[in-house]
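Take a look at the chain below. Read its sequence, then turn the structure around before going on.

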Amino acid sequence: MRKANANLMKEINLNHVRHVMKRIETASKPQLASITKLSVVTINSLVKELHDLGELLEDDTVPSNGGRPAQTYRYNYDFSLGLVLYLKEQQGQELVSATVVNLEDRIVSKEEYIMPAFDRQRFYEIIGHFLTLYPSIKAIGIGIPGQAVNGEITVSSHQELRGSRIIEGIESEFGLPVIVENDVNAAISGYCMRQNIDLEQCVLGIYFPMRYPPGMGIYLDGKMVKGKNGMSGEIKFLPHGPDWQREMSKSAFVDAVCQIIQTVNAVLAPDKIVIYQDRVEADVWNTAWESYQLQQPMPSYPAVVLQQTFQQDFEAGMRWLTLKSLEPSLAQFS
């Protein structure tokens with residue numbers, strides 16, 4: 001038991017040093033000891049271990065108050081890499097985007113591939129290609145227009161993915177953990193990360209793609225609310241909704257969006273709702289939403305923000321989620 005406790009404490013201290021070095025990038029051992037409140041003896045041991053692993057690299061030497069120059073160390077953000085893929089329909093074909101990202105969220109490589117239809121074998125070849133080029137890849141993140149339940153994609157706007165157990169197949173084929181996320185969940189995660197949203201806030205993201213039903217993501221207390229089988233936010237199943245696959249006028253679209261906002265606001269009372277759409281202009285929307293609020297009073301009103309950055313937020317969210325999976329759990333220090 002004593003040995004187990006000692007090993008646990010060592011891992012906690014290692015993770016603490018990792019966390020600090022990722023944040024400040026370079027430091028000497030005395031500086032690390034001062035920041036972490038760990039003894040110099042402990043820091044010497046931990047730095048040696050991280051250096052031997054390649055997670056810390058030797059950097060410059062700096063003056064040390066008249067003594068021997070102190071060796072500084074630099075965090076190696078390329079020690080672990082993530083491979084982030086997303087699937088998207090583009091002009092009737094399947095677009096696969098593959099991005100390699102390091103622990104600093106720096107894009108190391110990015111490629112796009114077009115398939116007439118989703119091809120599992122070709123998808124595997126793309127993954128294998130990047131794993132060969134970048135052996136430091138330690139996790140794979142996949143963003144999908146749908147939802148996975150127990151490894152099976154049960155809901156998707158892409159017919160080829162429905163019923164697929166591709167996640168298990170990738171994990172088995174390549175021996176790496178796979179993180180799968182719904183596109184709108186990833187997008188609102190990316191938005192909240194980029195905007196530094198307070199953890200206490202409730203933020204909803206609603207995506208209105210052309211020719212497909214909308215989807216919603218719920219960000220609360222710093223994490224996504226998934227619901228049973230990950231099915232929260234499936235607002236296309238709200239009653240009396242329009243046929244989203246048919247053309248609709250701007251006024252019909254705006255009215256449908258207002259009704260959805262009223263419904264989710266009555267249930268969740270969010271601080272903010274981010275609307276991803278490109279069907280109506282901001283001035284048209286603002287006028288219509290102000291008029292709707294006068295007709296349909298509510299006890300509280302969210303800030304409603306129109307965004308045209310779905311792809312940017314989606315990619316940022318997928319990178320963040322994939323890199324988060326590479327983070328060892330960090331102990332809380334006072």
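This report goes from the whole chain to one helix and then to single residues.

## The whole chain

The model is predicted. Its mean pLDDT is 89, and 90% of the residues reach 70 or more. One stretch calls for caution. Over residues 330-334, pLDDT stays under 50. For that stretch the model has 6 contacts beyond four places in sequence.

The chain has 334 residues, and 46% of them count as buried. Its secondary structure comes to 9 helices and 15 strands. Along the principal axes, the C-alpha trace spans about 75 × 50 × 40 Å.

How do the contacts spread along the sequence? Take contacts between residues at least 6 apart in sequence: 61% of these join residues at least 24 apart.

Now the surface. The accessible surface comes to about 17,600 Å². Carbon and sulfur atoms hold 49% of that surface. The chain carries 31 positive and 39 negative charges. The mean positions of these two sets are 7 Å apart.

## Helix H7

Helix H7 covers residues 250-268, which makes 19 residues. Does its length agree or disagree with the expected span? At 1.5 Å a residue, H7 should span 27 Å. Its end C-alpha atoms are 27 Å apart, so the two agree.

Which residues of H7 are buried? They are Phe253, Val254, Ala256, Val257, Cys258, Ile260, Ile261, Val264 and Asn265. These buried residues pack against several elements. Four are strands: S11 (202-207), S12 (215-220), S14 (272-276) and S15 (303-307). Helix H8 (282-295) is another partner.

## Two residues with positive phi

Just after H7 comes Ala269, with a positive phi. Ala269 lies in the loop between H7 and S14. Asp221 has a positive phi too, although Asp221 is a residue other than glycine. Asp221 sits in the loop between S12 and strand S13 (223-224).

| Residue | Phi | Relative accessible area |
|---|---|---|
| Asp221 | near 55 degrees | 46% |
| Ala269 | near 45 degrees | 42% |

Are these residues buried, exposed or in between? Partly exposed means from 20% to 50% relative accessible area. Asp221, at 46%, therefore counts as partly exposed. Ala269, at 42%, is partly exposed as well.

## Two buried residues in helices

Next come two residues inside helices. Leu50 is found in helix H3 (residues 40-53). Asp313 has its place in helix H9 (residues 310-326).

Why does Leu50 count as buried? The cut-off for buried is under 20% relative accessible area. Leu50 counts as buried because its relative accessibility is 1%. Which residues does Leu50 touch, leaving aside those up to four places away in sequence? They are Leu14, Val17, Arg18, Glu55 and Leu56. Tyr75 is 25 residues away from Leu50 along the chain. The C-alpha atoms of Leu50 and Tyr75 are separated by 9.4 Å.

Asp313 is at 0% relative accessibility, so Asp313 counts as buried. What does Asp313 touch beyond four places in sequence? Its contacts are Ala186, Ala187, Gly190, Tyr191, Arg194, Tyr276 and Gln307. Two of these partners link back to H7's surroundings: Tyr276 falls within S14 (272-276), and Gln307 within S15 (303-307). The buried residues of H7 pack against both of those strands.

Conventions
Residues numbered from 1 in each chain as written. Predicted model: local features only at pLDDT ≥ 70, side-chain atom pairs only at ≥ 80, totals over all residues. Heavy atoms only, no water. pLDDT = per-residue confidence, 0-100. Contact = heavy atoms within 4.5 Å. Buried < 20%, exposed > 50% of the residue type's maximum accessible area, 1.4 Å probe, protein only. Areas by Shrake-Rupley, 256 points an atom, 1.4 Å probe, with all protein chains shown as cover. Lys, Arg positive; Asp, Glu negative; His and termini not counted. Charge placed at Lys NZ, Arg CZ, Asp CG, Glu CD. Expected span 1.5 Å × (residues − 1).
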